[in-house]
Every structure is written in structure tokens, then in C-alpha cells.
Amino acid sequence: MTLDKNWFSEQHADAGSAFSLKIKKKLHEEQTPFQHIEIYDTETFGKLMVIDGCYMVTSRENFIYHEMMAHPALFTHPDPKKVLIIGGGDCGTLREVLKHRDVNQAWQVDIDEAVTRLSEKYFPELCVSNGDGRAELLFEDGIKWIQESEPGSLDIIIVDSTDPVGLAKGLFGEAFYRSCFHALDADGILVHQSESPLYHPKLLKSMHKAMHKAGFNATKTHHFPQPSYPSGWWSATMACRENTGLDGFREDDVRNKIFKTRYYNADMHKAALAQPEFCKEAGLG
Ligand code: SAM
């Protein structure tokens, strides 16, 4: 079956697959100095943001990704107070981070201000915490920002980046992870979106290797579904500096949390850390 012009498809050439959504209307399109951004209204997934031809966010299912980028790392750290988000311009991860009352400062450093301005217009529900006094939204290259940050000054670094091409390529390497290592304190945790274990196993393996080479003590990938991303099976990889292990978490605090989530809870945290046989065999844990 061929799809008519009312569908948006992201094709995954190497995997010989595509994911398509039926579109009601194109709402916006622009070429920023950094990337090409499109916003659509879809038939069944609400609004859709596309960057350089790749799905970034849909209204219907972004909660899974944003919750899993924030809460596993924040509930693994014993007492996270200072959180940096690199990328994340749609502001959904920031919203989740600021649900933690004990966080007293959160910086979001995205290179492209247009992503945030468009998100404020088309995904206002993701931007409800942008005015929180603890939040600082900066529009700079995250690689430069982390290089210049004070050693030991951060508890959590969340890398909510685009795919490892173009602007985001330097976010996936050992040099960048080394800068993150130095910016974190001894309990510190880095978490980076690590693409699809099914489609991108080589990348995932190279991320673990680069994190270890950068000095991190342990690494661990957690898994979750993300229907609009390539293969629908997505992951994030945590790395801890010195003191904090990645297998346990503050389970009682999760069970007693006073904020609402739609996907994340203590059981989903445990389930996400379980490693499928395929990942164990390929060394992708
Ligand atoms: N959830 C998405 C995914 O996994 O496909 C990521 C969404 S978020 C909108 C990605 C953001 O990373 C974009 O807004 C982009 O501008 C930002 N970005 C890419 N490279 C960057 C860099 N070097 N420094 C800061 N932000 C960067």
C-alpha cells in the first residue's frame, strides 16, 4: 500500500522501515540556523514536532520518553538538587525534573531557541514549568556549556538530544562524557537517550565504552517503548561517577511520591532495568 500525501513518514533507511502518521494539517515549517523544524496536527497523535525529518515529540506519547529520561536518574541519586538538561528544548524533561521538590536549580541548555518557542506555542502542556523560579532556560551549545561548568557542581546531567548526527554528534563521544564526569559531584549521575537497542546496537555499545573510558564507574541502560521513534523500542543509558550504584533506587520515595506520572512508577523502574537476553549477549546492558 502506498501512503497518500496526507501522511508524514520517517523512513529508517538502514532498517528498511518507516513510521507514519496521518496528518490533518501542517501548522508550521522553518529552517533555523541549526535545523529544519516542522509542526503538524495529526489525526490520532495530537501535535507532532519533526526536526530534520525525524519525529521528536507527539502530544500522545511523549510522556513515556520524558518521564523515563528524568525519574529513573533522579530517584537513583540519593539527593538531587542541581540538574542540567542538555538539549530538551521542547521542555518536557524539564517539567518532569521540576516535579521533584528537592531540586533547587535546573538548567536547560538547548542550542536552538526556536524549538522552545514552538513548543510553548504548540505543546503548552510541556512548558508549564518554564516560569518556575528554579528553572533557567539557556540557548547555547551544550558541549561548550559543560566544558565551562565548575567541577563537581552538578548532581544530574540529562542529555535529551537529537540523534548522533550534525549538531548532536559531539554529545555522544568520550570527550563530552569526560566533561560531564568532571562537572558532576561524587554521587553524580549522567543519563543520555541511547536510541533503539534493536536498530542501533553498535551506538549503544559505543556509548557504554565511551562512558567508562571517560571515568564513570558503572553504566546501565533502561528500556521503554516509544512508538514514534525508530523500531518503537527506545532506551536511555545512565552512568554513575563514584558513590551511587545504578541497580538500586529510592523505591520508598517513588512509592510515596506526591506528584503524578502516567508511565513511571517503582515497578516500571525495575522492569526498565531488566536486560533482555539479546542485550546481555550483545553487551548492551
Ligand atoms: N526526544 C527527542 C529524541 O530523542 O528524538 C529529543 C528531543 S529534543 C527537542 C532534542 C534537542 O537537542 C533539540 O531541540 C536540539 O536543538 C538539541 N540539541 C542538539 N544538539 C545540541 C547541542 N550540541 N547542544 C544543545 N542542544 C542540542
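Trainee: How do you know that the ligand sits in the largest cavity?

Mentor: In this predicted model, a molecule is said to sit in a cavity if more than half of its atoms lie within 2 Å of the grid points of that cavity, and the ligand is assigned to the largest cavity by that rule.

Trainee: What makes this space a cavity, and how many are there of 30 Å³ or more?

Mentor: A cavity is a set of points where a 1.4 Å probe fits but cannot get out; the count comes to one cavity of 30 Å³ or more, and about 410 Å³ of space lies in the largest cavity. It is lined by 33 residues, of which Gly87, Gly88, Asp160, Ser161 and Thr162 are the closest to its centre.

Trainee: Why is the ligand said to lie between domain 1 and domain 2?

Mentor: Domain 1 (7-58) and domain 2 (62-245 + 262-282) both contribute residues to the shell around the ligand, so the ligand lies between them. The residues of that shell divide into ten nonpolar, seven polar and six charged, and among the 23 residues around the ligand, Gln35, Asp110, Asp141, Gly142 and Tyr229 come nearest.

Trainee: What makes the pairing with aspartate 110 a polar contact?

Mentor: The cut-off for a pair of N or O atoms is 3.5 Å, and an oxygen atom of the ligand is 2.7 Å from an N or O atom in the side chain of aspartate 110. A nitrogen atom of the ligand is likewise 3.0 Å from an N or O atom in the side chain of aspartate 141, while a ligand nitrogen is 3.2 Å from a polar backbone atom of leucine 167. Taken alone the ligand exposes 600 Å², and the protein buries 99% of that.

Conventions. Residues are numbered from 1 along each chain as its sequence is written. This is a predicted model: local features need pLDDT of at least 70, side-chain atom pairs count only at pLDDT 80 or more; totals for chains, interfaces and linings use all residues. Side-chain values use heavy atoms; hydrogens and water are left out. A residue is near a molecule or strand if one of its heavy atoms lies within 4 Å of it. A polar contact is a pair of N or O atoms within 3.5 Å; within protein, one must be able to donate a hydrogen and the other to accept it, and residues adjacent in sequence count only if both atoms are side-chain atoms. Accessible areas come from the Shrake-Rupley method with a 1.4 Å probe; for residues, only the protein chains shown count as cover. On a 1 Å grid over the protein atoms alone, a cavity is a set of points where a 1.4 Å probe fits but cannot get out, and a pocket is an open set with protein on both sides within 12 Å along at least five of seven lines; lining residues have an atom within 4 Å of a point. Ala, Val, Leu, Ile, Met, Phe, Trp, Tyr, Cys and Pro count as nonpolar, Asp, Glu, Lys and Arg as charged, and the others, Gly among them, as polar. Domain bounds come from an automatic or database domain assignment. Grid points are joined across faces, edges and corners, and a volume is the space filled by probe spheres set on the points.
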